[in-house]
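Trainee: I would be grateful for a close look at a single part of this model. Please choose one strand and describe its surroundings in a connected account.

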Amino acid sequence: MASTLENFIHSLDPRALPRVLQIQSGIYFQGSIYEMFGNECCLSTGEVIKVTGFKINKLIASICENNEDSQFSAKVELPLNFPGLYKVVADKTPYISIEEITKKVAIGSTRFGHPCFYSSEDIKLANLTIKQGEQINFNSVEEVNGTMAVNCGVVRNNQSHSFTLPLSQEGKFYECEDDQIYTLKEIAEWKIPRCRNRIVKLSNTLHTWDSSNPLPDNFDGCLILTPVYEVQAVMKFRKDIVHILSDLDVEVKDITDCYDTSSFLQPLSLEDVFERTSKEFPMIAEVMEGPLGRQKPYNLLHIGKEIVIYKKYQATRVLASEIRSDSPKRHFLIPMTYKGKFKRRPREFPTAYDLEIARSEREQLHVVATKAFDSPHTELFSVSVGDQFLVQQRQTSEVLYEGRKKVIDVLACEQILSDTYKEVLLPMYMEGGFVEVIHDKKQYQLSEICKEFRLPFNVKVSVRDLSVKEDVLAAVPGLQLEEEITDSYLLISSASSPVESWEIPVYRLNMSVHLLSKDVQAVLPPMTKTTVEEISEEEYYMVRRFENQTLHPPPRPPKKPAALAPKPVSAVSKQVISDVLQATKNFCVDTTKKSCANQAADVSELQVSCQNDLVHHDNVKDMTGKPTLVEAAVIKGLTNNPLGKWESEKEQEEEHNYEYVDENVIENIRKVFQDTTTRNKDILSEDRRDI
């Protein structure tokens, strides 16, 4: 039975791929154009194609100015990277079985892939009864005792109860209200059920859209989203992969059951190749879809190129980011075989807590204060701009607090004076500013830095890698080596001229190949070349997310006592910092501390001029009078709380706002909505049970 391509793709289960389709009613674009914007626009009647995959390419949004119950009017086209955060409106149409949910709703291992439903009636299990209206979390789909089932969970009195529901379980299952907020891309990947549309409400606008905004000015209504898919297919007599938009006006018929699918080329992604067993390597493949890029080896991987894939393996890279105050920063993955050399660059520390984290047994940390701090306790030290310290260790100390003695965490340091040293204690909550003084002039290989120092670590290239034609790191004024990561790679070379082999990343290279039944002449790969890989902002966060998903974040710095009113602090200008560092560049710290005493006098003479150049520098928020993005989102999310009360609490919180760089602003905003809607979820659950 024929259907439109759009209807077929909307109802197609990805697990049923590949599918062979015959064009029943073709489309011909005027003239001799067969491809527009990388997508096929001409398909002949009777032509046979094999669909190997599909993904959402864009969204068609119907605009509603008021709410989801109002009439939707104009339609606009939205790309997946359209800015903004959106709340998902729960679908009011029930699902009639667990099997229907698994076919239409994305269920996966990430936090986006755990949808929540409730049943309109009680579900009695062997050792548990799921009550009407109770929220059920769907976690994964797997085979249990020979039967496909969904692993589920419910939370009662802060206790989680796990159970399974077979796909054959019937009833009326409704979507729960979702208190999270998402980007359009996240909604497209996880929150649009198959054969259904999705209504969303604009929650926050992250930044201004570069081109003309398709949405009305000050839009605060709902959008009904309809996906347009990009279909990946193979044609009978072509060796490349074609891309077809699902809204192309053609009719198709599924003839998979009566057609020999082996007559088509079988495209494999790099992930598919990597999943093959090690015994199947080496192999020869032909590129069907190649990556874009002028750098080797990407410029060699054009369509039709034959390559040898020798093996698959895990390799170590160092994730590095450009040091600069403005954005965007450039990000790199540096192989351990990088032959350039690095020199150290000073690190900056916003708090005393950061000094404690950075200190090491290998060398004593020497810093210069760039921001004044007036201690509220007589037992602790007040810092002036230009003060120099040798960081010792963390310990505890008794202070007088509201007439009573209290034990707090402090950082023991030695202040460097003109001819002596003074033992001082800095509170761990100290909101100061410090710059490291570097005495080490040695040039390091990358492997030496990773072995001898704790990351993150600031460096600059002092000797470029002469084994490559152009070293991209040499032009970067400063780099922060952030962490070591392990990534998946394939080792390849040209089949026609295997002079050198290259490592190519499996998960960051958009490339498809098909295997050839040819014997590999040389089993051992030629000399291996590795390159510094520059990655995008999105790839950077994905790498960090995957690398750190099993790690716990470090503890937050201790907070300043709320009863202690902060006194004005002063910040030194960049020129003054430069002067201090210039004066101390030859300053050396050794075990006898002799040189420290001799040269500290010169540095102390600069303190007077430093103090004269002080610039009163409060928070950026105080100077501009404008709240940050996160603050604006908090204001919007906490409309149920009195503004005055919120402002009072925010002012206290700002006393210990250390302004660490947040890797994902969206996560901060999500937390606000989660906190403000927790109470509402409980009330809704109670109401459903009453019904």
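Mentor: Let us take strand β33, which is joined to strand β23 (residues 306-322) by 15 bridges, the two strands running antiparallel. Before going further, please note that this is a predicted model, in which local features need pLDDT of at least 70, side-chain atom pairs count only at pLDDT 80 or more, and totals for chains, interfaces and linings use all residues. Residues are numbered from 1 along each chain as its sequence is written, and side-chain values use heavy atoms, with hydrogens and water left out.

Some terms need to be fixed. Strands (E, at least two residues) are DSSP runs, as are helices (H or I, at least four residues), and both are numbered from the N terminus. Two strands pair if DSSP finds at least two bridges between them.

Within the pairing of β23 and β33, Ala-320 has Leu-481 of β33 as its bridge partner. Strand β33 also pairs with strand β32 (residues 457-463), again in the antiparallel sense, over 3 bridges. There, Val-459 has Leu-479 of β33 as its bridge partner. A further antiparallel pairing, over 5 bridges, links β33 to strand β34 (residues 500-505). In that pairing, Ile-492 is matched with Trp-502 of β34. Strands β33 and β34 form a hairpin, with 5 residues between them.

How much of β33 is buried? This strand spans residues 479-494 and is mostly covered, with 13 of its 16 residues buried; here, buried means under 20% relative accessible area, exposed means over 50%, and partly exposed lies in between (1.4 Å probe, protein chains only).

For a second example of strand pairing, consider the open sheet of 6 strands in the order β8-β15-β9-β12-β13-β14, where the pairing is antiparallel. Its edge strands are β8 (95-97) and β14 (159-166), each of which pairs on one side only. From one strand to the next, the twist averages 45°; axes are lines fitted to C-alpha atoms, for helices over the stretch in contact, and angles run from 0 to 180 degrees between N-to-C directions. Within this sheet, strand β12 (residues 136-144) pairs with strand β13 (residues 147-156) over 7 bridges in the antiparallel sense. One of the matched pairs there is Glu-143 with Met-148 of β13.
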